[in-house]
Amino acid sequence: YNTIFDNSVDPNQWEMWIYNDGRLSFRIASGYLLYDLDELQGPNAWYHVAVTWSKNGILANCRLYINGELKTVNNSMGWVDPGTEIFLGGNLNTRGNGKLDEFCLWDIEIPPGQIRENMHLTLTGNEPGLVSYWQFNEGAGNTTVDPIGGNNGILHNMDPDDWVTSTVPVGGGSSFTHIVETTGNYDFTGTGLSIEFTEKTGTDTIVVSKLSLAPNHFPTITLL
């Protein structure tokens, strides 16, 4: 398997990994969140992954979002306080083999709407609850800067050729959300886009993101 991150508290606690068969998994202590990435694009694709949790006594209510969409919930995951160090790519378990970009930590439970709206946007640094933010924009060297919390990371086993131009579909810009229940014209404020719905059944959440600077790879359209 490939480790995305683990934590100094214990090799089997506060970790995320991908099994060789494509299943993405996260756990705090006992219990799991699990989703098969082969249901989406499989390997060699970028994924926006978000995990939220709220502590409930000795348990935690946990949610896993992939590309802005809630995929699985576990409301009885065992709780243990995390250690003081997080290892991106793994340190206590099998090391990960892949690419990582735009990694952030929060001390609040981010609501689903904010996860969807921020999925393709870089953060400003002023977002409430943002604790640490690693963008990996250095392009050289063996450190990566956290401008929010000052938790600068040391990159181990890092050769100059390991720095690559990111193709993650993320850039500066703005997003806007409409809950669409009826036909009509909907203006997505700040994006320069409006959509006319001439037929409508049911209720849909439509998120539009406008990137001010062209990313290296353009986002694909996801209908939630």
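Me: Before I look at any sheet here, what does it take for two strands to pair?

Reply: Two strands pair if DSSP finds at least two bridges between them. Keep in mind that this is a predicted model. Here, 3 strands form an open sheet in the order E5-E6-E7, with antiparallel pairing.

Me: Which strands lie at the edges of that sheet?

Reply: An edge strand pairs on one side only. In this sheet, the edge strands are E5 (49-56) and E7 (69-78). Neighbouring strands are turned by 15° against each other on average, ignoring direction.

Me: How many bridges join E5 and E6?

Reply: E5 and E6 pair over 8 bridges, in the antiparallel sense. To find one of them on your screen, start at Lys55: the bridge partner of Lys55 is Ala60, in E6.

Me: Now the interior, please. How should I read a nonpolar core, and which residues have the most contacts inside the largest one?

Reply: Think of a nonpolar core as a set of buried residues such as Val, Leu and Phe, joined through side-chain atoms within 4.5 Å. The largest one in this model has 22 residues. Those with the most contacts inside this core are Met16, Leu24, Phe26, Ile28, Leu33, Leu64 and Ile66.

Me: Which elements give two or more residues to this core?

Reply: They are strands E1 (2-7), E3 (23-27), E4 (33-36) and E6 (59-66). The largest share, 4 residues, comes from E6, the strand listed between E5 and E7 in the sheet order.

Me: Could we take Phe26 as an example? What is Phe26 in contact with, beyond its neighbours within four places in sequence?

Reply: Leaving those neighbours aside, the contacts of Phe26 include Phe5, Trp14, Met16, Leu33, Val51, Trp53 and Met77. Glu15, Gly31 and Tyr32 are also in contact with Phe26. There is a second, separate core too: it has 6 residues, among them Tyr186, Phe197, Ile206 and Val208.

Me: Let's zoom out. How many helices and strands are there in the protein, and how compact is the protein?

Reply: The protein has 1 helix and 16 strands. Its radius of gyration is 19 Å, close to the 17 Å that the globule rule gives for 224 residues, so the protein is as compact as a globular protein of that length. Along the principal axes, the C-alpha atoms fill a box of roughly 55 × 40 × 35 Å.

Me: And what share of the residues count as buried?

Reply: Of the 224 residues, 35% count as buried. The accessible surface comes to about 12800 Å², and 49% of that belongs to carbon and sulfur atoms.

Technical notes: Residues are numbered from 1 along each chain as its sequence is written. This is a predicted model: local features need pLDDT of at least 70, side-chain atom pairs count only at pLDDT 80 or more; totals for chains, interfaces and linings use all residues. Side-chain values use heavy atoms; hydrogens and water are left out. Buried means under 20% relative accessible area, exposed over 50%, partly exposed in between (1.4 Å probe, protein chains only). Contact means heavy atoms within 4.5 Å. Axes are lines fitted to C-alpha atoms, for helices over the stretch in contact, and angles run from 0 to 180 degrees between N-to-C directions. The radius of gyration is taken over C-alpha atoms; the globule rule is 2.2 Å times the number of residues to the power 0.38. Accessible areas come from the Shrake-Rupley method with a 1.4 Å probe; for residues, only the protein chains shown count as cover.
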